Amino acid sequence: MSKLNTNSNAYIIIYSAILVVIVAFLLAFVYQALKPMQDANVALDVKKQILYSLNIRGLDGSEAEAKYAEVVKEEKEQDGQKYYACQIDGKDIIVASLKGMGLWGGISGYISIDDEGKVYGAYFNHESETAGLGAEIKDSQAWQEKFIGKQIWDENGNVVLSVVKDVKDPKTQVDCVTGATLTSNGVDAMIKAGLQDAAKRFLNTSNSDCCGTEEADSCCNGDDKAKCCSETEIKAKED
Amino acid sequence: MALFSKQNKEVFTNPLNLDHPILGQVLGICSALAVTSQLKPAIVMGLAVTVITAFANVIISIIRNTIPNRIRIVVQLVVVAALVTIVSQILKAFAYDVSVQLSVYVGLIITNCILMGRLEAFAMQNKPWPSFLDGVGNGLGYAMILVIVGAVRELLGRGTLLGFQIIPDFCYDLGYVNNGMMTMPAMALILVGCVIWVHRAYFYKEK
């Protein structure tokens with residue numbers, strides 16, 4: 001066999017083309033083969049995070065799956081935000097999903113809210129915050145537990161739950177993570193943005209105000225609009 | 001040539017001592033600092049690098065005579081990148097927690113200088129079997145340091161090993177406090193420095 005000239009241009013082009021095609025097929029095959037398992041892992045991870053926000057921690061895969069099925073009754077999606085209706089020890093709790101920006105990348109979280117509009121539990125996650133500093137929002141259970149029992153809204157439906165450097169009102173404010181002011185600010189903004197819309201769901205006052213107006217759709221959030229408005233109208237007539 | 005001839009043994013054991021990738025050549029420091037805050041990701045990272053170095057070495061060694069000299073670095077990179085992507089996908093499917101912990105550092109194995117160094121310096125000139133041994137040797141040498149540093153950092157920084165509590169509760173009651181510094185990447189650099197110092201002082205022999 002005559003020796004190939006491995007330095008000719010034609011050889012280099014054909015060689016690299018063949019190499020790339022082989023690698024592409026290989027990667028496509030691996031990706032397809034492993035996709036179902038990866039999706040299952042991601043789905044399970046979401047369920048675990050929701051359980052964390054309900055203060056149920058330290059469960060393994062199958063345990064978490066069973067517990068999730070037991071606790072979470074209903075999933076709703078509204079404007080890209082997800083809500084999970086849950087029941088723990090006979091108490092109705094709603095978990096709201098949050099999304100926001102940290103210092104280096106996206107952050108996300110779940111906050112569970114009891115029927116008084118107080119935080120029942122919280123869990124935060126991040127993509128690329130600094131380990132030991134910003135990453136504490138995920139790693140530090142103690143920090144997440146600081147949210148428990150805080151008031152989320154004032155009477156007007158504005159979000160008052162906040163993450164601040166200097167806690168003045170312990171009923172609504174949470175101390176930020178030391179050395180991670182910017183990440184903490186991100187969490188603060190995420191909570192403010194994510195829970196503003198959810199207010200109407202918990203503050204019954206707004207329902208009667210807007211029935212019959214154009215905003216009825218948004219304030220009878222998720223509930224059956226006709227039902228919720230007719231109830232308030234009937235009440236008004238009776239009065 | 002016998003599978004474990006004297007030469008082959010040297011190929012395997014040299015990177016564990018004399019030509020150690022981290023201690024001797026000071027390569028691959030970046031990822032060694034980043035993933036060693038706990039023992040488990042350190043072990044997985046070490047294994048991943050070992051597997052990838054070994055197989056990349058074998059593949060490059062098999063095709064070494066066909067690789068056009070002018071694009072050899074590109075070919076090496078493509079092979080390494082493919083292997084790294086496969087390992088990363090496998091981790092995501094079978095060890096999701098660990099893959100989350102390792103985050104970008106699995107992908108960054110591609111740029112780990114140990115890999116490129118071994119491919120360029122060894123696999124391009126040697127047969128597949130010695131290349132395989134060389135890859136495993138270098139990978140284990142790297143893993144060794146990761147495990148040492150990871151164990152020290154997790155033990156002193158969190159009081160646990162592999163997630164199990166090692167330092168008993170009564171020590172905490174007596175006022176023992178976990179060293180938060182240990183969880184920072186800076187401490188990993190200092191620890192690697194200490195390991196290099198001990199190695200030079202007690203184990204390193206001039207050729």
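**Strands and helices in a predicted model**

Mentor: Welcome! This is a predicted model, and its chain A has nine helices and seven strands.

Trainee: Why do strand 2 of chain A and strand 3 of chain A count as paired?

Mentor: Pairing requires at least two bridges. Strand 2 (residues 81–88) and strand 3 (residues 91–101) of chain A share six bridges in the antiparallel sense, so they count as a pair. Within that ladder, Ile88(A) sits opposite Lys91(A).

Trainee: What joins these two strands, and which residue there takes a positive phi?

Mentor: Strand 2 and strand 3 of chain A form a hairpin with two residues between the strands, where Asp89(A) has a positive phi near 50°.

Trainee: How do you know that strand 3 of chain A also pairs with strand 4 of chain A?

Mentor: By the same cut-off of at least two bridges: eight bridges join strand 3 to strand 4 (residues 106–113) of chain A, again antiparallel. Gly100(A) faces Ile107(A) across this pair, and the hairpin connecting the strands passes through four residues.

Trainee: Over in chain B, why are helix 1 and helix 8 called roughly parallel?

Mentor: The axes of helix 1 (residues 6–13) and helix 8 (residues 128–158) of chain B cross at roughly 30° and come within 7 Å. Angles under 35 degrees count as roughly parallel, and therefore these two helices of chain B earn that description. Residues making the contact include Val11(B) and Phe12(B) of helix 1 and Leu133(B) and Val136(B) of helix 8.

Trainee: How many residues of each class does that contact have?

Mentor: Five are nonpolar, three polar and one charged.

Key
Residues numbered from 1 in each chain as written. Chains lettered and ligands numbered in written order. Predicted model: local features only at pLDDT ≥ 70, side-chain atom pairs only at ≥ 80, totals over all residues. Axes fitted to C-alpha atoms, helices over the stretch in contact; angles between N-to-C directions. Parallel < 35°, antiparallel > 145°, perpendicular 65-115°, else oblique. Contact = placed C-beta atoms within 7 Å. Nonpolar A, V, L, I, M, F, W, Y, C, P; charged D, E, K, R; others polar.
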